[in-house]
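Open the model in your viewer and keep the sequence panel beside it. The stops below say what to select and what to look for there.

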Amino acid sequence: MILEIAQIDVKPGSEAEFEAGIERASAIFKAAEGCRSFEVRRSVEKPQRYRLLIEWETLEAHTKDFTGSQAWKDYRAMVSPYFESPPSVEHTELTLRAF
């Protein structure tokens, strides 16, 4: 299992619009092959910063199958107008779950 972590900073004052867009976009991820979960968290210290936590069965399910697809383009159309800057994305593997 791969966890994609995307950090997104949105334009000041566009938080509500971004949240509405990302909620609509969640249906795209739910339907995406290989996508296991989708979660959005907002920073307490920096309210314009969000982190998307998306679990994929494999790295390729995200990078080859989803990214660049029509579904990805639809998702980006829903949320990218609110981006302050391009998202920072990384992929992680679980190395320890202590409890």
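How many bridges join S1 to S4? Select both strands: six bridges join them, and the two run antiparallel. This is a predicted model, in which local features need pLDDT of at least 70, side-chain atom pairs count only at pLDDT 80 or more, and totals for chains, interfaces and linings use all residues. Residues are numbered from 1 along each chain as its sequence is written, and side-chain values use heavy atoms, with hydrogens and water left out.

**Stop 1: the sheet**

Helices (H or I, at least four residues) and strands (E, at least two) are DSSP runs, numbered from the N terminus. Two strands pair if DSSP finds at least two bridges between them. Strands of a sheet pair through backbone hydrogen bonds, either parallel or antiparallel.

Show the four strands together: they make an open sheet in the order S2-S3-S1-S4, with antiparallel pairing. S2 and strand S4 (88-93) are the edge strands, each pairing on one side only. From one strand to the next the twist averages 20°; axes here are lines fitted to C-alpha atoms, for helices over the stretch in contact, and angles run from 0 to 180 degrees between N-to-C directions.

**Stop 2: strand S1**

Select strand S1 (2-9) and show its side chains, which alternate. Ile2, Glu4, Ala6 and Ile8 point to one face and are buried, while Leu3, Ile5, Gln7 and Asp9 point to the other and are not. Buried means under 20% relative accessible area, exposed over 50%, and partly exposed in between (1.4 Å probe, protein chains only).

Now add S3, which is joined to S1 by eight bridges, again antiparallel. Ile2 stands opposite Trp56 in S3, and Gln7 opposite Arg51. Turning to S4, the bridge partner of Leu3 there is Thr92.

**Stop 3: strands S2 and S3**

S2 and S3 form a hairpin with six residues between them, and they pair in the antiparallel sense over seven bridges. Two positions to pick out in S2 and S3 are Ser37, whose bridge partner in S3 is Glu55, and Arg41, which stands opposite Arg51 in S3.

In the loop between strand S2 (35-42) and S3, select Ser43. Ser43 counts as buried, at 15% relative accessibility. Its side chain reaches the backbone nitrogen of Glu45 at 3.3 Å. A polar contact is a pair of N or O atoms within 3.5 Å; within protein, one must be able to donate a hydrogen and the other to accept it, and residues adjacent in sequence count only if both atoms are side-chain atoms.

**Stop 4: Leu52**

Six of the eight residues of S3 are buried, so the strand is largely enclosed by the rest of the structure. Leu52, in strand S3 (residues 49-56), is buried with a relative accessible area of 1%. Which residues surround Leu52? Neighbours within four places in sequence aside, Leu52 is in contact (heavy atoms within 4.5 Å) with Glu4, Ile5, Ala6, Ile8, Phe18, Ile22, Phe38, Glu39, Val40 and Tyr75. Its C-alpha atom is separated by 6.6 Å from that of Gln7, 45 residues apart along the chain.

**Stop 5: aromatic rings**

The whole structure holds six aromatic pairs. Rings of Phe, Tyr and Trp (its six-membered ring) pair if their centres lie within 6.5 Å; planes under 30 degrees apart count as stacked, over 60 as edge-to-face and the rest as tilted. Select Phe18 and Tyr50: their ring centres are 4.7 Å apart and their planes at 50°, so the pair is tilted. Phe18 lies in helix H1 (residues 15-31) and Tyr50 in strand S3, so the pair ties together parts that are 32 residues apart in sequence. Phe18 is buried at 0% relative accessibility, and Tyr50 is buried at 2%.

Then select Phe29, Phe38, Trp56, Phe66 and Tyr75, which form one aromatic cluster.

**Stop 6: helix H2**

Which residues of H2 are buried? Ala61, His62 and Phe66 are. They cover an arc of only 95° around the axis, which puts them on the same side of H2; the arc is that of the directions from the helix axis to the C-beta atoms. What covers them includes S1, H1, S3, helix H3 (70-79) and S4.

Pick His62 in helix H2 (residues 59-66). At 8% relative accessibility, His62 is buried. Beyond its neighbours within four places in sequence, His62 is in contact with Glu4, Trp56, Thr67, Val89 and His91. Finish at Gly68, which follows H2 and has a positive phi, near 95°.
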